[in-house]
Amino acid sequence: MSLTEISHLDGKMAECIDNCFEAAQACEWCADECAGEGEEMAECLRLCRDVADLTTMHARFMARNSAYSDELAETCADACEACADECERHDAEHCQVCAETLRECAQTCREMAGA
């Protein structure tokens, strides 16, 4: 089954779901890498873990057409932006990849929040 078979999902929602799952994967990778890099990476690790949970939750809410999806989209976008800001402070490749992925996710979540 593909996302196009879910009747209430349009192209923008499907893109947002994809971006949310991609952001969660990037955050899990980044958090895991940060775990071995010392105390200076603690905030990055915490934010990545929060975003991984929020983005997967938001994707699930969109898939089931939850009435709370719009509110969660705004929270998800805010968290993605905060985490991207933190990741951009670090030179590590995993942080840079994560930040880029989170910027895309934040943009599509904002579109969902405003829809």
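Leaving aside neighbours within four places in sequence, which residues is Leu-102 in contact with?

This is a predicted model, where local features need pLDDT of at least 70 and side-chain atom pairs count only at pLDDT 80 or more, while totals for chains, interfaces and linings use all residues. Residues are numbered from 1 along each chain as its sequence is written, and side-chain values use heavy atoms, without hydrogens and water.

**Exercise 1. List the contacts of Leu-102, then place Leu-102 in its core**.

Step 1. Contact means heavy atoms within 4.5 Å. Beyond its neighbours within four places, Leu-102 touches Ala-23, Cys-27, Val-51, Cys-80, Cys-83 and Ala-84.

Step 2. Turn to the core. A nonpolar core is a set of buried Ala, Val, Leu, Ile, Met, Phe, Trp, Tyr and Cys residues joined through side-chain atoms within 4.5 Å. Buried means under 20% relative accessible area, exposed over 50%, partly exposed in between (1.4 Å probe, protein chains only). The largest such core has 39 residues, and Cys-48, Cys-87 and Leu-102 have the most contacts inside it.

Step 3. Find the suppliers. Helices α1 (11-35), α2, α3 and α4 (93-114) each supply at least two residues of this core. The most come from α1, with 11 residues.

**Exercise 2. Describe how α2 packs on α3**.

Step 1. Fix the elements. Helices (H or I, at least four residues) are DSSP runs, numbered from the N terminus.

Step 2. Give angle and distance. Axes are lines fitted to C-alpha atoms over the stretch in contact, and angles run from 0 to 180 degrees between N-to-C directions. For α2 (residues 42-63) and α3 (residues 69-88), the angle is about 155 degrees and the axes are 9 Å apart. So α2 is roughly antiparallel to α3 (angles over 145 degrees).

Step 3. Name the residues. Among those that meet are Cys-44, Leu-47 and Phe-61 in α2, and Leu-72, Ala-79 and Cys-83 in α3. By class, this contact has 16 nonpolar, 4 polar and 2 charged residues. Ala, Val, Leu, Ile, Met, Phe, Trp, Tyr, Cys and Pro count as nonpolar, Asp, Glu, Lys and Arg as charged, and the others, Gly among them, as polar.

**Exercise 3. Repeat the analysis for α1 and α4**.

Step 1. Their axes come within 8 Å and cross at roughly 150 degrees. The pair α1 and α4 is therefore roughly antiparallel.

Step 2. The contact of α1 with α4 divides into 16 nonpolar, 4 polar and 7 charged residues.

**Exercise 4. Is Gly-114 buried or exposed**?

Step 1. Gly-114 lies in helix α4.

Step 2. Gly-114 counts as exposed, because its relative accessibility is 68%.

Methods: Angles under 35 degrees count as roughly parallel, over 145 as roughly antiparallel, 65 to 115 as roughly perpendicular and the rest as oblique.
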